[in-house]
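Reader: I would like to go through this model by way of its cysteines, its cores and its helices. Please keep the answers short.

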Amino acid sequence: NAPSTSKPCKCANSKCLKLYCECFRGGVLCDENLCRCKDCRNNAEHNTRKGPREYAILKIIAKRPDAFHTEIKRRTGNWCKCQKNNCLKKYCECVAQGRRCSVQCKCRDCENNEGFSV
């Protein structure tokens, strides 16, 4: 279950198996009493060996080995390169870490900087 410090998710189409699901990204299972997700696969029922949750984790790690290491990201400064979402969605790496975009980012049409509020 999600610890009390994590935000409950409300995923609609991802089945909670994408990095923009706050529970999944944090490495915790969705809490059926707190989360308002639909068709969730990030739960105890699907947390089995070779189940959909494990498959999603392995697939993500194959592409991005440090995807679940948030402490490493914070220290090294993993900057975003958003193209279409104006840096307003949870899967923008800067928004996910609660910070504004900076000159190190390679984003387009950014709205997550000094001139805009998050």
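Author: A disulfide is counted when two cysteine sulfur atoms lie within 2.5 Å. The model discussed here is predicted.

Reader: How many disulfides does the structure hold?

Author: A disulfide is a covalent bond between the sulfur atoms of two cysteines. The cut-off for counting one is 2.5 Å between the sulfurs. By that criterion, the number of disulfides in the structure is zero.

Reader: Why is C87 not in a bond with the closest cysteine sulfur?

Author: C87 counts as buried, with 1% relative accessibility. The closest cysteine sulfur to that of C87 belongs to C107. A disulfide needs the two sulfurs within 2.5 Å. The pair is too far apart for a bond because the separation is 3.6 Å.

Reader: Which cysteine has the sulfur nearest to that of C101?

Author: C101 is buried, at a relative accessible area of 12%. C101 takes part in no disulfide. At a distance of 3.6 Å, the nearest cysteine sulfur is that of C110.

Reader: Which helices each supply at least two residues of the largest nonpolar core?

Author: The largest nonpolar core has 16 residues, and those touching the most other members are C9, C16, C21, C23, C30 and C37. At least two residues of this core come from each of helix 1 (22-25) and helix 2 (52-63).

Reader: How many residues are in the other core?

Author: This core lies apart from the largest one. Among its members are C80, C94, C101 and C110. The number of residues in it is nine.

Reader: Which residues does C21 touch, leaving out those up to four places away in sequence?

Author: C21 is one of the residues that touch the most other members of the largest nonpolar core. With residues up to four places away in sequence left out, C21 touches C9, C11, C16 and C30.

Reader: What separates the C-alpha atoms of I57 and F24?

Author: I57 is part of helix 2. Not counting residues up to four places away in sequence, I57 touches F24 and F68. I57 and F24 are 33 residues apart along the chain, and the separation of their C-alpha atoms is 8.9 Å.

Reader: What pattern does the chain follow along the sequence?

Author: The chain has four helices and zero strands. Read in sequence order, the pattern is α-α-α-α.

Reader: What share of the chain's exposed area do carbon and sulfur atoms supply?

Author: The chain has 118 residues, of which 36% count as buried. About 8,200 Å² of the chain is exposed, and the share supplied by carbon and sulfur atoms is 49%.

Conventions
Residues are numbered from 1 along each chain as its sequence is written. This is a predicted model: local features need pLDDT of at least 70, side-chain atom pairs count only at pLDDT 80 or more; totals for chains, interfaces and linings use all residues. Side-chain values use heavy atoms; hydrogens and water are left out. A nonpolar core is a set of buried Ala, Val, Leu, Ile, Met, Phe, Trp, Tyr and Cys residues joined through side-chain atoms within 4.5 Å. Buried means under 20% relative accessible area, exposed over 50%, partly exposed in between (1.4 Å probe, protein chains only). Contact means heavy atoms within 4.5 Å. Accessible areas come from the Shrake-Rupley method with a 1.4 Å probe; for residues, only the protein chains shown count as cover.
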